[in-house]
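Subject: Handover of a structure and the findings

Dear colleague,

I am handing over to you the structure shown below, together with an account of what was found in it. Please read the text with the structure open beside you.

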Amino acid sequence: MKPIYVKNEEYYCHCFHFPIIKLSKKENTAAPKHELVKDVHSFSNPNEAVAKHLDLDVKVDFDTQTITGKASWTIENTTKGNQIIFDENTLNITKVTLGDDEKETKYELGKEVEFHGKPLKITIEPTTTKVNIYYNTTKESVALQWLKPEQTADKKHPFVFSQGESVWSRTWIPCQDSPSIRFTYNAKVTVPKDLMALMSAVNPQQKNDTGVYTFKQDKAIPSYLMAIAVGDVEFKSIDNRTGVYAEHSVIDKAKWEFAELGKMVVAAEKLFGPYRWGRYDVIVLPPSFPFGGMENPNLTFLTPTVLAGDRSLTSLLAHELGHSWSGNLVTNATWDDIWLNEGFTTYVEHRIGEELYGVSEAQMQTVLSRKVLENSITEMGKDSPDTRLKINSAGKNPDDALSDIPYEKGYAFLQTIEAAVGRQKFDKFITDYFNAHAFQSITTEDFVDYINKNLIKGDKALADKIKLDEWIYKPGIPSNMINPISEDFNAIDNIQKSWRKTGVKGLSQKIKSTNERQHFIDYLPEDITVAEMTAIDKEFNFTTKGNFVVSRQWFIIAIKHQYKFAYPAIEKFLTSYSRTYSLTPLYKEMIKTPEGKTWAKQIYAKAKSGYHATTVTEIERILK
């Protein structure tokens, strides 16, 4: 998942070409047989009894805003014990049975834990191989957002979508909700006949006349990648294995915007080996989706804010596509290891982008990345334990542990290793790493063991050059971090030194790309005046014509310097989208003054009904 902070979503990079690896027809896509790590965010005890496959049969009811049905879990009762434990949160469990003959069995819900729900303890027999859980969701489900027709693009039909990461899949399916536990699934989903159902699996490409859709995911995935979307959507193909789903009024725009999607998949394969999930499609969701994108297998969920009309923001796709290797193929075993998902994916994202768009764009993106990292560490404190790559989220909502650190510090760490051993050698290492851990969930310690055995190999000089412990287990910015340089940004820095004397007329023809405009805005003088902002706005039209990223950056400056001409546009921006980590910088700037805090609360009151639950939680924390 890529939450967007004060940073452009475009990333670009350079690559070496490696031969495509041919997969065996018998490739093992199930979870490996080894001791599973204990996840403090799950009540389950998978080393005693673990879920291996799900057969889901549910009905989606928009009138009651519930999903009702049966989750049939094929299990492995390793210890031949008399109990299996699932996670559930705000579900209504109505009955539990065992086996194909549906013998009813006892179950009980344990003590509730904040953010985590309750353990669902089910009595089984030593020979039990299937557990059937009958249930329905409730309106308290964090994972599901139910939208009225007026909240969609076409404004004709309702819509529902899920967001399972990190511990929210248990609010719409009873499951062993830990990234360390992987399973395959089949699903039957019944929806209103005028709507289409989609999941993180092989998907239909057109509506049927029954409202019943079936799905198959034969690759073992963790529960947070279980996803569903139901709405009045259409499909258009981009090439033989990529395509886009969206509402009717959006579909043509989305197909044009994502025209290079197939090229991205090819570029990623040249870098890090074959794409192993079959099709790679995307769906453009309504504006209340809380993130830039979510890497659900086979079907990336995307915010509509990426539809800039000029393809300037579509490199966000490179991040979500990158998760097909780092995250979906090789997964962090616990949320304390999330940098393994996000740091690797941010690195892969930059490399995909450089292959497609060139070195100069990659350099700009890396400079932007470092600025975000440095700002985050300054805000959190250089000695904060939350600035480590390996974190400790015990006793917390794991969502609260998510910041820029796993993305940007993880990316900087991998760049450091690349510089120490050379790109060609590092590319082989990462490709081998993905292959060695394919369809597995691993810990940070597993990674450390792997890199020591397969790259460092006892070379003390190399180990001292990389500094694994300093990067992974210590806070702050390591002493050997690479400071990137962008000649394009240096040219803009020179413009910053002179425009007050020469004026701003004509600068919009010199500062054109989203990267360049973001950098220009980010480094405007601290003492800039409203008159100067007015002149800049007249030249660039940042208030009225900026894309999502440029607008966000400009609005932060506008709030800080009370550029009131932009206030109506700022209010529209904050009430039109629910991208949590793109909205929070604006709210944080607003609350710095009493007048701004009052304004922020007024806007939030208008916007709250359209915000996702995760966005609501974060904004309310800021406004307290």
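Leaving aside its neighbours within four places in sequence, Leu56 is in contact with ten residues by name: Lys70, Ala71, Tyr135, Trp172, Ile173, Asn186, Ala187, Lys188, Met199 and Met226. Please keep in mind that this is a predicted model. Leu56 belongs to the largest nonpolar core, which has 184 residues; together with Trp73 and Tyr587, Leu56 touches the most other members of that core.

The sheet

Which order do the strands of the open sheet follow? The seven strands are arranged as E5-E4-E8-E2-E1-E11-E13, and their pairing is mixed. At the edges stand E5 and strand E13 (212-222), each of which pairs on one side only. As background, the strands of a sheet pair through backbone hydrogen bonds, and they may do so in a parallel or an antiparallel sense.

Strand E8 has E4 and E2 beside it in that order. Strand E2 (residues 66-76) runs antiparallel to E8, and seven bridges join the two. Along this pairing, Trp73 stands opposite Val131 in E8, and Gly69 stands opposite Tyr135 in E8. Two residues named earlier thus return here: Trp73 is one of the core residues that touch the most other members, and Tyr135 is among the contacts of Leu56.

Strand E4 (residues 92-98) is also antiparallel to E8, and this pair is joined by six bridges. Leu98 has Val131 in E8 as its bridge partner, while Val96 stands opposite Ile133 in E8. Is E8 mostly covered or mostly open? Five of the seven residues of E8 are buried, and the strand is mostly covered.

E4 pairs with E5 as well, in the antiparallel sense and over two bridges. In this pairing, Leu98 stands opposite Lys103 in E5. The two strands form a hairpin with four residues between them, and Gly99 in the turn has a positive phi of about 75°.

Salt bridges

The count of salt bridges comes to 30. One of them joins the side chains of Lys103 and Glu125, with 3.1 Å from N to O. Why does this pair tie together separate parts of the chain? Lys103 lies in strand E5 (residues 103-104), whereas Glu125 lies in the loop between strand E7 (118-123) and strand E8 (130-136), so the bridge connects parts that are 22 residues apart in sequence. Lys103 has a relative accessibility of 48% and therefore counts as partly exposed. Glu125 is also partly exposed, because its relative accessible area is 34%.

A second salt bridge is formed by Glu269 and Arg241, whose closest N and O atoms are 2.7 Å apart. This pair links distant parts of the chain, with Glu269 in helix H2 (residues 261-272) and Arg241 in the loop between strand E15 (233-237) and strand E16 (242-247), 28 residues apart. Glu269 has a relative accessible area of 10%, so this residue is buried.

Asp281 and Arg279 form a further salt bridge, in which the closest N and O atoms are 2.9 Å apart. Asp281 counts as buried because its relative accessibility is 3%, whereas Arg279, at 22%, counts as partly exposed. In addition, salt bridges that share partners join Asp87, Arg170 and Asp177 into one network.

Two helices

Helix H2, which holds Glu269, has 12 residues and reaches 17 Å from its first C-alpha to its last, close to the 16 Å expected. H2 is mostly covered, as nine of its 12 residues are buried; among them are Leu261, Met264, Val265, Leu271 and Phe272. The buried residues of H2 pack against E16, strand E17 (280-284), helix H3 (316-322), helix H4 (339-357) and helix H7 (423-436). Just after H2, Gly273 takes a positive phi of about 100°.

How far does helix H6 reach from its first C-alpha to its last? Helix H6 (residues 405-421) has 17 residues and reaches 24 Å, close to the 24 Å expected. Of its 17 residues, 16 are buried, so H6 is largely enclosed by the rest of the structure. Gly422 follows H6, and the phi of Gly422 is positive, near 95°.

Yours sincerely,

A colleague

Terms used. Residues are numbered from 1 along each chain as its sequence is written. This is a predicted model: local features need pLDDT of at least 70, side-chain atom pairs count only at pLDDT 80 or more; totals for chains, interfaces and linings use all residues. Side-chain values use heavy atoms; hydrogens and water are left out. A salt bridge is a side-chain nitrogen of Lys or Arg within 4 Å of a carboxyl oxygen of Asp or Glu. Buried means under 20% relative accessible area, exposed over 50%, partly exposed in between (1.4 Å probe, protein chains only). The expected span of a helix is 1.5 Å times one less than its number of residues. A nonpolar core is a set of buried Ala, Val, Leu, Ile, Met, Phe, Trp, Tyr and Cys residues joined through side-chain atoms within 4.5 Å. Contact means heavy atoms within 4.5 Å. Two strands pair if DSSP finds at least two bridges between them.
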